[in-house]
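Here is a quick tour of one chain, written for someone who likes to have the coordinates open alongside. Take a look at the fold first, then read on.

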Amino acid sequence: MPALLPLLLTVIAGVLLTAGCSPALNWRKVSPDGAQLELMFPCKPEREERTQPGPGGRTVTVRTMSCKVSGGQFSLTWGDLGEAAAVSAAMRRMHEGIARQMSPGASAPLAVRGAVSDPESFQQAFEARPGQPAQQARQAVFARGGRLYQLLMQGERLDAEAWEVFLGSVQLPP
């Protein structure tokens, strides 16, 4: 029986690696109030809220859920701009905001079922600028109606698989 223990542990470890599990990441389904979507976070997120000027001079409430684990921060930020026509420009500003701070890397189209099809809806990788401390970020922006969403993962060294799980878990209701 004692000889079976190492074999059993090896099999369990193989199953965990194959499934893409990490002991540090405790994925959980989250449906943030007011976000009108569901996604998975690798840790228990905290919620923040602030207001800022929006299109047409109206005030927009911006909400964020985020958590830190394994040297990375995962966040979802959303807000209702009130008008679908303002979303494309806002998505562009979100990409440009990070690009002013970090070097833009590879980008890819983004297809979130139920989201608005827009050329500004894409995902992109970012790296710290030369001479800056090591930092990576992955960002995806998308919209539905006048509601704008941003997924962001950032840290010194990011796990590409964790990003795929985080981004791939997004579900907008029909």
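## Starting with strand 5

Buried here means a relative accessible area under 20%. By that cut-off strand 5 is mostly covered, with 7 of its 9 residues buried. Keep in mind that this is a predicted model.

What does strand 5 pair with? On one hand there is strand 4, joined to strand 5 by 8 bridges in an antiparallel arrangement. On the other there is strand 9, which pairs with strand 5 over 9 bridges, also in the antiparallel sense. For landmarks in the two pairings, find K68, which sits opposite Q73 of strand 5, and F74, which faces M153 of strand 9.

## The chain as a whole

Stepping back, the chain has 3 helices and 9 strands. Their order along the sequence reads α-β-β-β-β-β-α-β-β-β-β-α. There are 174 residues, and 40% of them count as buried. The exposed surface comes to about 10100 Å², with carbon and sulfur atoms supplying 55% of that area.

How much of the contact map is long-range? Taking contacts between residues at least 6 apart in sequence, 50% join residues at least 24 apart.

## How far to trust it

The mean pLDDT of the chain is 86, and 87% of the residues reach 70 or more. Confidence peaks in strand 2, at a mean of 97, and is lowest in helix 1 (residues 4-18), at a mean of 34.

The start of the chain is the part to handle with care. Over residues 1-21 pLDDT stays under 50, and the model has 3 contacts beyond four places in sequence for that stretch. Where pLDDT is low, the predicted coordinates should not be read in detail.

## What fills the inside

The largest nonpolar core has 27 residues, and the members touching the most others are L37, L39, F41, F74, L76, F142 and L151. Several elements each supply at least two residues of this core: strand 2 (39-41), strand 4 (59-69), strand 5 (72-80), strand 8 (136-144), strand 9 (147-155) and helix 3 (160-168). Which of them gives the most? That is helix 3, with 4 residues.

F41 is a good place to see how this core is put together. Leaving out neighbours within four places in sequence, its contacts include W27, V30, M65, F74, L76 and F166. N26, R28, S66, C67 and S75 complete that contact list for F41. Apart from the largest core lies another one, of 11 residues, among them V62, V141, A143 and L148.

## Two buried polar residues

T77 is part of strand 5. Is T77 buried or exposed? T77 counts as buried because its relative accessibility is 11%, below the 20% cut-off. Its side chain makes a polar contact with the side chain of T64, at 3.1 Å. Beyond four places in sequence, T77 touches V62, R63 and T64, along with L148, Y149 and Q150.

Q136 belongs to strand 8. With a relative accessible area of 15%, Q136 is buried too. Which partners does the Q136 side chain find? It makes a 3.3 Å polar contact with the side chain of E127, and it reaches the backbone nitrogen of L158 at 2.7 Å. Outside the four-place window, Q136 is in contact with M102, F126, E127, M153, Q154, G155, E156, R157 and L158.

## Turns worth a second look

Strands 4 and 5 form a hairpin with 2 residues between them. S70 lies in that loop between strand 4 and strand 5, and has a positive phi of about 50° although it is not a glycine. Where T77 is buried, S70 is exposed, with a relative accessible area of 52%.

Q36 is another non-glycine residue with a positive phi, near 55°. Look for Q36 in the loop between strand 1 (28-30) and strand 2.

Terms used:
Residues numbered from 1 in each chain as written. Predicted model: local features only at pLDDT ≥ 70, side-chain atom pairs only at ≥ 80, totals over all residues. Heavy atoms only, no water. Buried < 20%, exposed > 50% of the residue type's maximum accessible area, 1.4 Å probe, protein only. Contact = heavy atoms within 4.5 Å. Areas by Shrake-Rupley, 256 points an atom, 1.4 Å probe, with all protein chains shown as cover. Core = buried A, V, L, I, M, F, W, Y, C linked by side-chain atoms within 4.5 Å. Polar contact = N/O pair within 3.5 Å; in protein donor to acceptor, adjacent residues only side chain to side chain. pLDDT = per-residue confidence, 0-100. Pairing = 2+ DSSP bridges.
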